[in-house]
Structure formats: C-alpha cells, structure tokens
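Me: Hi! I've just opened this one and would like to talk through its local geometry. Shall we start with a backbone oddity?

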Amino acid sequence: MKKALENLPTYQRAIAKGHLGSCGAQYRDLNKPIIAVVNTWNEIVPGHCHLRALAEDVKKGILAAGGYPLEFNTIAICDGIAQGHKGMRYALPSRELIADSVEAMINGHGIFDGMVLLGSCDKIVPALLMATARINIPSVVVTGGPMVNRIKPRESKAARQKFLAGEISEEELFDVTVDYYPSAGVCPFLGTANTMCLVAESLGMSLSGSTAVPALDDLRNEFAYKSGMAVMELLERDVKPRDIMTLSAFYNAIAFVSGIGGSLNSVLHLPAIAHECGLKITYDDFDRISKKTPLIVRVTPNSPDYTVAHLQAVGGVPTIMKELLPVLDDSVMTVDGKTLSEVIEGAISPDGKIIKSFSAPFADEGGIAVLTGNLAPEGAIVKSSAVPPELWQFSGPAKVFESEEECIESVERGLVSSGDVIIVRNEGPKGGPGMREMHRITEVVVKLKNVAVITDGRFSGASAGLSIGYLSPEAAENGPISLVEQGDLIEIDIHQRTLHWHVAESEAERRVNRNKRLQRQEESSFLELYRMSTTSAANGAVRKLNHE
C-alpha cells in the first residue's frame, strides 16, 4: 500500500514532514498511514460541543490500529439558533461550504490516506458524506448522538405556545427548553439532524448500531474508538466511500427515511450526496419507495412521548433495517467490513411501541409523499406521516406572501383565517437565496388549526401539519407559484398525490406576460454566489457548473 505522503516529490515530501514535525509529529510516525480526523466541534451547536473529546477516542483507535491521526476543524451552524431570521439563509449554503473546506484541506495538503469525520447536525452530516464521496478515500463518519430529554416533547411544545400567547416569560421558556435540551447532543426529536445521523448508518458509512447511542453514553466513546480502528481496516482492504454508497445503498436509505418518518430535508441531502457519487436520485425515487415502505417507527414529531434517544434501547438502526428487509438490498457493503445482511443478523425484535414489525406497521406507507400538478410541475414534498388524516384532502383560497417575515406578521395580525392556503414564495434556493426553513410559520399557525402552508422554501424535520415545501420550480425560476394571486383556489390531495391550482389557462398566460419577478437584493457575496450556482430543490440544490 503506497501512502499519500509518498506520492509527493522527494524534496517536497521531506519539507512537508518537517512542517508536520513543527506541529509535534515524530519522524517515525510519518511513515505510517496518515488519517485526517475531520471535526466540526464548536461551542455554539449542542450536537457539536462534545465532539472535541470524542475525537480523542477516534485518535486512540487510529493509533492502536497503526495509523497516525491529524485533526482539523470545519464549521457548523445551529439551525435552532438560525431559525426565524436572515441567518437561516446561510444554513443550506453552508453544506457546500463544509464539503468544499474538507476537500480543500485533504486535497490541498495531499498527505492523507483516510478520514474519520465527526459531525451531528442538519447540513453538517450531509456535507461530510458529500466530502467522503467527492474525495473518495477510506472514510468513516462518527455522529454525536441524540440528547436524553428530561421532559416530554409535548411539554416543550406547550411551553412554546404559552410564550407565544404571552403566558410565560422568556426566562421561563429558557428553563423549559433546557429541560428538553439538557446536554450536549443532537436535539431529541427526529428532525433533519437525527434523520441524517441515522441515515449515515443506513447508508453504511457509520458503524452498525452507533448512531442511536445517546450523546453522553460511554458506548459512544467506544464506537468512536472502533471507528478509528475501522478506517484502518478499510484502508488495508482499499474500500472507499463510493464502494459503499452505491445506488442500492441510496435506495435503502430512502426506504429507511420513509420507514422512520424522517425529515423532509432528506429529499435535498440524499440526492446531493448521490450527485457526489456520480449517481442520480429524484423526487420520484422518494415517492416510489415510500409507497411500498410501511411506517414502522414513531418518535417525535410523529409521537408525543418518545424521542430518538429511546431508539437505542429497542434496537436502533439494525432492528429497523432488519424489519425493512423486504424493501432493502441486503448485499450492500458497510464500513464495518460486512454486508448489510451480516450486520443486522443479530438485531433484536421490535418492541411494538416505538418500532413495529413490517407486517403490522403504524401505517402502510412511509412518511414522504411527492405531490405534482400545475402548481408544482417538478414536484413538492409533504411529510404525510405528520399530517392528520382529515387534512389529506384540503382546498381553500390562497393567501400569498413574498417572504417568511411577511407571512408571520400577517398571521400575528389576524389576517389569515382557518381554511386558508398560505403561499410563501421567494424562499427557494435561488430566491432566498439559501432556501430557509419555514419552521416558525408552522409554529405560529398552530392556533388556526385548519390551514395549509405551501412554499418553495423548506421545513424543519420537526414541522408537522399540512406543510408542503420544496416546491419546484421555485418562484425565482418563474415557476407557477410566482403567478398565484390572493383568493385563487388551491386543491391538495395527498391520497392522489396532487397539488392543483384552479386558474384558467388564458388567465395564467395573461399573468405570465405581466409577471416581472423582483430578485431580492443580496449584499452578501457568499449568498449571491450561491444564488448564481445552485440548482432547484428537485435536484437537491446541488451546485451547477458551467460544463454541466
């Protein structure tokens, strides 16, 4: 096995070793395979603030297996803090920024033989998986694990509603929030962060049984150590990420997301990861697989009582995947060095409360539905598992808003009524720019009970109700959503997978001719570059290059 450092020109190799010596490396260690420990630790994000310590266990595993670890950091944004203001425009674009930064560090130095990547949250885990595919050297992803909440999810939601109603103070809400988010780790609910952490295991890129282990459990340190050892085994066998993340593995991951009722943001991230592997995943793949995959897991927001931290005790990802076996390809490889069939062999049986069997599920279909129609020619996504059955068919007049802020202000002023279909546009990848989550909207409309939200933006994994997002083409690309006017009748049918805008063809054409979309002025050169290069949500909001 020729090591990466040996590929450098002779003189440059000697100089490079000297620079590493300045950082504390011993000459003898630089003859070993050098493994990057890619850490997203910071003191801002709960899912990341414990990763500095976890990285030490990864390093110990690498050293024990004969490698030499070198750690570097990249960024991580907390979606919980970024919600509800312009900061959310940076969250999705940070996915590409993180992947680019890992590529720059690995390929820029040219000394690394493998990677262990530590991350936890919404865009970070997808970005790390994108980087592994792009760079394609032996890699293992280590996730931070879920928090163990002290109060029930419904208690946290009730406190937020009380604050919005002016019944409790900011400090009282702070205290309740810290009871629900009591420590380091991924926020307890099955949002995008926990969904993508579990997906990393379902794709085969994290050790089997590792991702549902709570953040501060000693077992998580053990898995970190084993991950350091595992990357050395992958290096020895020359097994790379693209050997593991095949098309079959992605179809397995989609079935997994459907079976657990996972975050809708997976429809952005799995296609983007696949794109880095040279593969194509579409909205149609999600709808096709979700239709044949039963919903067998219920944790919040699909359950008022159970959180992701409860999954470990009832078998975690191995038990879920064993139950989903009828819709999976169990011949795919994993970073354990085994096939999926082998890693799930000893999985325990489902408990029947949190995880159900394939033959007796919570619902016959998975949690994701793709709606199409004249309002969304390329599709829009709804988390059907979080929509009450009585709202699966819905129609009403459109209330149109040009931004999240405009919508929230109108709801708070009482200008939106029960029965309305709220249209929030100009929040897509280009229109935002940055495709903000509309989670705060779904929280403030709860009091209206009987409303629908449709947007070219996206939703938090914690969002519930009749919330339809990821609509493509977006308003900024002159999609039909840009032509909707106040009072237009919108009809939604999840059973039929349709999203229909009742307007005469002649009227639609008249509106096209007079429609002049105003592009939101953007002062940030970073976000403006993102607007210029990103593609639609239906394509995973991946970067479009000139030659593509």
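Reply: Sure! N136 sits in the loop between α5 (124-135) and β4 (139-143), where helices (H or I, at least four residues) and strands (E, at least two) are DSSP runs numbered from the N terminus. Its phi is near 60°, a positive value in a residue other than glycine. This is a predicted model, where local features need pLDDT of at least 70, side-chain atom pairs count only at pLDDT 80 or more, and totals for chains, interfaces and linings use all residues. Residues are numbered from 1 along each chain as its sequence is written, and side-chain values use heavy atoms, with hydrogens and water left out.

Me: Which other residue has a positive phi, and where is it found?

Reply: N478, also with phi near 60°. N478 lies in the loop between β10 (467-472) and β11. With a relative accessibility of 53%, N478 counts as exposed; the scale is buried under 20% relative accessible area, exposed over 50% and partly exposed in between, using a 1.4 Å probe and protein chains only.

Me: And which residues does a cis peptide bond join?

Reply: One cis bond joins T300 and P301, with omega about 20°. P301 belongs to the loop between α13 (283-292) and α14. Another joins G432 and P433, at an omega of about -20°, and P433 is in the loop between β8 and α17 (439-444). As background, most residues other than glycine have a negative phi, and most peptide bonds are trans.

Me: Switching to rings: how many aromatic pairs are there?

Reply: The count is 3 aromatic pairs. The rule takes rings of Phe, Tyr and Trp (its six-membered ring) with centres within 6.5 Å, and calls planes under 30 degrees apart stacked, over 60 edge-to-face and the rest tilted. One of the pairs is F72 with F112, tilted, at 6.3 Å centre to centre and 55° between the planes. F72 is in strand β2 (residues 68-73) and F112 in the loop between α4 (91-109) and β3 (114-119), so this pair links parts of the chain 40 residues apart.

Me: Are those two buried or exposed?

Reply: F72 and F112 are both buried.

Me: OK, and why do Y90 and F526 count as stacked?

Reply: Their ring centres are 6.1 Å apart and their planes are at 15°, so the pair is stacked. Y90 is in the loop between α3 (79-82) and α4, while F526 is in helix α19 (residues 525-533), 436 residues apart. Y90 is partly exposed, at a relative accessible area of 32%, and F526 is partly exposed too, at 28%.

Me: Which charged ends sit over a ring?

Reply: R52 has its charged end over the ring of W41, 4.0 Å from the centre. The charged end of K226 is over the ring of F223, 5.8 Å from its centre. The test wants NZ of Lys or CZ of Arg within 6 Å of the ring centre and within 35 degrees of the ring normal.

Me: What about empty space, say how much lies in the second largest pocket?

Reply: About 270 Å³. On a 1 Å grid over the protein atoms alone, a pocket is an open set of points with protein on both sides within 12 Å along at least five of seven lines, a cavity is a set where a 1.4 Å probe fits but cannot get out, and lining residues have an atom within 4 Å of a point. Points are joined across faces, edges and corners, and a volume is the space filled by probe spheres set on them.

Me: Which residues are closest to the centre of that pocket?

Reply: L20, L70, H109, I111 and F112, out of 16 lining residues. The lining draws at least two residues from each of α1 (10-22), β2 and α4. By class it has 11 nonpolar, 4 polar and 1 charged residues, with Ala, Val, Leu, Ile, Met, Phe, Trp, Tyr, Cys and Pro as nonpolar, Asp, Glu, Lys and Arg as charged, and the others, Gly among them, as polar.

Me: And how many cavities does the structure hold?

Reply: 3 cavities of 30 Å³ or more, and the largest has a volume of about 90 Å³. Of its 15 lining residues, E201, M321, T334, L340 and V343 are closest to the centre. α14 gives the most to this lining, with 3 residues.
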